[in-house]
Amino acid sequence: MAEFAPPEHVADDCIFCKIIARELPAFVLDEDEHTLSFMDINPGTRGHALVIPRNHSQDLIAIEPADLQATILSAQRLAARMKDRLQCDGVNLLNCCGADAWQTVFHTHIHVIPRYKDDPERDPLRLPWIPKPGDMADIEAAAQELTA
Ligand code: AMP
Ligand code: ZN
């Protein structure tokens with residue numbers, strides 16, 4: 001296995017930094033100079049994995065652009081591998097940014113979640129919201145807050 005330089009940014013109390021340092025075990029799938037991919041131990045579907053940057057950052061807002069770019073490219077690579085090796089029908093990428101957005105580990109990561117059609121055993125996931133038409137005035141108001 002290739003050896004990579006230690007990350008520039010490490011947090012002492014971070015379990016994902018410890019996985020990168022190989023101080024904690026993980027089922028590693030892939031790695032490159034900037035990222036590491038490994039299995040999630042509480043999988044939402046069969047094959048659910050995580051991609052993390054080697055450099056510690058707390059979340060999507062804090063991560064350096066170069067680390068984010070490398071992380072999303074690794075997620076793309078892993079999604080393609082899932083389609084090929086696990087014969088999944090699709091893949092979801094998920095990032096939780098902030099405790100109120102379900103983030104529980106504060107080292108930026110992207111969930112790479114293979115999806116299996118009509119297979120509740122391997123894939124029990126359902127959309128967490130019910131899509132329905134929104135209030136146009138409120139949609140416009142939110143757009144203005146985001147653009148003003
Ligand atoms: P999030 O809730 O988006 O912060 O995701 C954190 C994910 O990390 C969860 O899906 C956990 O199951 C997963 N996780 C936590 N500890 C470990 C670990 N030691 N090895 C692999 N996955 C982990
Ligand atoms: Zn970390």
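# Exercises on a predicted model

Asn-55 sits in the loop that joins strand 3 and helix 2. The model used throughout these exercises is predicted.

## Exercise 1. Two residues in their surroundings

Task: State whether Asn-55 is buried or exposed, and find how far its C-alpha atom lies from that of His-34.

Solution. Begin with accessibility. Asn-55 has a relative accessible area of 14%. Buried means under 20%, so Asn-55 is buried. Next, take the C-alpha atoms: those of Asn-55 and His-34 are separated by 7.4 Å, with the two residues 21 apart along the chain.

Task: Do the same for Gln-144, stating which helix holds it and how far its C-alpha atom lies from that of Val-91.

Solution. Gln-144 belongs to helix 3, residues 136–147. Its relative accessibility is 48%, so Gln-144 counts as partly exposed; the exposed class begins over 50%. Between the C-alpha atoms of Gln-144 and Val-91 there are 32 Å, for a separation of 53 residues along the chain.

## Exercise 2. The zinc site

Task: Identify the protein donors of the zinc ion (ligand 2), assign the geometry of the site, and say which parts of the chain Cys-14 and His-56 tie together.

Solution. Step one is the donor list. The zinc ion (ligand 2) has as protein donors the SG atoms of Cys-14 and Cys-17 and the ND1 atoms of His-56 and His-107, at 2.1 to 2.3 Å. Step two is the spacing in sequence, which reads C-x2-C-x38-H-x50-H. Cys-14 is in the segment before helix 1, and His-56 is in the loop between strand 3 (49–53) and helix 2 (65–85), so this pair ties together parts 42 residues apart in sequence.

Step three is the geometry. The angles among the four donor atoms run from 106 to 117°. Tetrahedral requires all angles between 85 and 135 degrees, and the site of the zinc ion (ligand 2) is tetrahedral.

Step four is accessibility. Cys-14 is buried at 6% relative accessible area, and Cys-17 is buried at 5%. His-56, with 21%, is partly exposed.

## Exercise 3. Cysteines

Task: Give the number of disulfides in the structure and explain why Cys-88 has no bond to Cys-96.

Solution. The number of disulfides is zero. For Cys-88, the closest cysteine sulfur is that of Cys-96, and the two sulfurs are 19 Å apart, which is too far for a bond. The cut-off for a disulfide is 2.5 Å. Cys-88 is also buried, with 6% relative accessibility.

## Exercise 4. Two pockets

Task: Describe the volume, the lining and the residue classes of the largest pocket.

Solution. The volume of the largest pocket is about 770 Å³. Its lining has 32 residues, and those nearest the centre are Asp-40, His-48, Leu-94, His-111 and Ile-113. Two or more lining residues come from each of helix 1 (15–20), strand 2 (35–39), strand 4 (90–94) and strand 5 (110–115). By class, the lining has 21 nonpolar, eight polar and three charged residues.

Task: Repeat the description for the second largest pocket, giving its volume, its lining and its residue classes.

Solution. The second largest pocket has about 310 Å³. Its lining counts 19 residues, with Pro-7, Ile-20, Ala-21, Arg-22 and Arg-54 nearest the centre. Helix 1 contributes the most to this lining, namely three residues. The classes are twelve nonpolar and seven charged, with no polar residues.

Conventions. Residues numbered from 1 in each chain as written. Chains lettered and ligands numbered in written order. Predicted model: local features only at pLDDT ≥ 70, side-chain atom pairs only at ≥ 80, totals over all residues. Heavy atoms only, no water. 1 Å grid on protein atoms, 1.4 Å probe; cavity = no way out; pocket = protein on both sides within 12 Å on 5 of 7 lines; lining within 4 Å. Points joined across faces, edges and corners; volume = space filled by probe spheres on them. Helix = DSSP H or I, 4+ residues; strand = E, 2+ residues; numbered from the N terminus. Nonpolar A, V, L, I, M, F, W, Y, C, P; charged D, E, K, R; others polar. Donors = N, O, S within 2.8 Å, 3.2 Å for Na, K, Ca; no water. Tetrahedral: all angles 85-135°; square planar, octahedral: opposite > 155°, others 65-115°. Buried < 20%, exposed > 50% of the residue type's maximum accessible area, 1.4 Å probe, protein only.
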